[in-house]
Amino acid sequence: MKPRLLKLLLLLACSLLLLPLAGISAGSFRQQTRVDFVRDIQPILAASCYKCHGGAKASGQLKLDVKALAMKGGFSGAVIKPGSSKDSRLISRILGEGGEQRMPLGGTPLTPEQIALIKRWIDDGAVWP
């Protein structure tokens with residue numbers, strides 16, 4: 001192997017070993033990637049929300065399985081404010097804030113990771129193909 005190539009490979013190997021010391025991990029790299037609705041958000045909604053807010057059902061007149069209807073909202077108005085998770089009622093409901101019952105009612109609460117994904121998706125503009 002040529003000395004120059006060997007030095008380059010050695011430098012690359014050392015750099016990879018130092019990434020954790022710099023606070024860069026695979027997890028933090030993933031956090032910098034854009035949240036994809038189909039890959040990341042739709043499975044959460046399907047597992048936790050569609051039972052009451054999908055198909056023929058629309059509790060509170062909120063349907064979360066159709067983009068136009070989800071963005072329109074339900075009885076209480078819009079629940080997703082693209083670009084602002086802190087102003088999105090969907091987040092306050094899945095957190096159970098404001099004295100309201102935590103969603104999904106009677107179901108397992110979303111994990112902190114799932115909530116973080118939904119927040120990031122909304123903050124990134126709630127892109128929904």
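## Close-up views of an all-helix predicted model

Ala 47 is exposed, with a relative accessible area of 69%; here, exposed means over 50% relative accessible area, buried means under 20%, and partly exposed covers what lies in between (1.4 Å probe, protein chains only). This is a predicted model, in which local features need pLDDT of at least 70 and side-chain atom pairs count only at pLDDT 80 or more, while totals for chains, interfaces and linings use all residues. Residues are numbered from 1 along each chain as its sequence is written, and side-chain values use heavy atoms, with hydrogens and water left out.

**View 1. The chain as a whole has seven helices and zero strands.** Helices (H or I, at least four residues) and strands (E, at least two) are DSSP runs, numbered from the N terminus. Read from that end, the elements follow the order α-α-α-α-α-α-α. Of the 129 residues in the chain, 29% are buried. If you look at contacts (heavy atoms within 4.5 Å) between residues at least 6 apart in sequence, 44% of them join residues at least 24 apart.

**View 2. Ala 47 and Leu 45 both sit in helix H3.** What is the relative accessible area of Leu 45, and is this residue buried or exposed? Leu 45 is buried, at 5%, whereas Ala 47 is exposed. Leu 45 and Leu 64 are 19 residues apart along the chain, and their C-alpha atoms are separated by 7.3 Å. Setting aside neighbours within four places in sequence, Leu 45 is in contact with Phe 37, Tyr 50 and Leu 64. For Ala 47, the C-alpha distance to Leu 110 is 9.9 Å, with their positions 63 residues apart along the chain.

**View 3. Helix H3 meets helix H7.** Two packed helices are described by the angle between their axes and the distance between the axes. The axes of H3 (residues 37–48) and H7 (residues 112–123) come within 10 Å and cross at roughly 125°. Such axes are lines fitted to C-alpha atoms, for helices over the stretch in contact, with angles that run from 0 to 180 degrees between N-to-C directions. H3 and H7 are therefore oblique to each other: angles under 35 degrees count as roughly parallel, over 145 as roughly antiparallel, 65 to 115 as roughly perpendicular and the rest as oblique. The crossing of H3 past H7 is left-handed, a term used if the near helix is turned anticlockwise from the far one by less than a right angle (clockwise would be right-handed). Which residues make the meeting? From H3 come Phe 37, Asp 40, Ile 41 and Ile 44, and from H7 come Gln 114, Leu 117, Ile 118 and Trp 121. By class, this contact has six nonpolar, one polar and one charged residues. Ala, Val, Leu, Ile, Met, Phe, Trp, Tyr, Cys and Pro count as nonpolar, Asp, Glu, Lys and Arg as charged, and the others, Gly among them, as polar.

**View 4. His 53 is found in helix H4 (residues 50–53).** With a relative accessible area of 13%, His 53 is buried. Not counting residues up to four places away in sequence, His 53 touches Ser 59, Leu 62, Lys 63, Leu 64 and Asp 65. Leu 64 is also one of the contacts of Leu 45.

**View 5. Asp 124 and Arg 34 are joined by a salt bridge.** Side chains of opposite charge can pair when their charged atoms come close. A salt bridge here is a side-chain nitrogen of Lys or Arg within 4 Å of a carboxyl oxygen of Asp or Glu, and by this rule the count comes to seven. For Asp 124 and Arg 34, the N to O distance is 3.8 Å. This pair links distant parts of the chain, 90 residues apart: Asp 124 is in the segment after H7, and Arg 34 is in the loop between helix H2 (26–32) and H3. Asp 124 is partly exposed at 33%, while Arg 34 is exposed at 54%.

**View 6. Arg 89 forms a salt bridge with Glu 100.** Their closest N and O atoms are 2.7 Å apart. Arg 89 lies in helix H6 (residues 89–95) and Glu 100 in the loop between H6 and H7, so the pair links distant parts of the chain, 11 residues apart. Arg 89 is partly exposed, with a relative accessible area of 25%, and Glu 100 is partly exposed at 30%.

**View 7. Lys 81, Lys 86 and Asp 87 are joined into one network by salt bridges that share partners.** Within this network, the side chains of Asp 87 and Lys 81 meet at 3.9 Å, N to O. Asp 87 is partly exposed at 44% relative accessibility, and Lys 81 is partly exposed at 43%.
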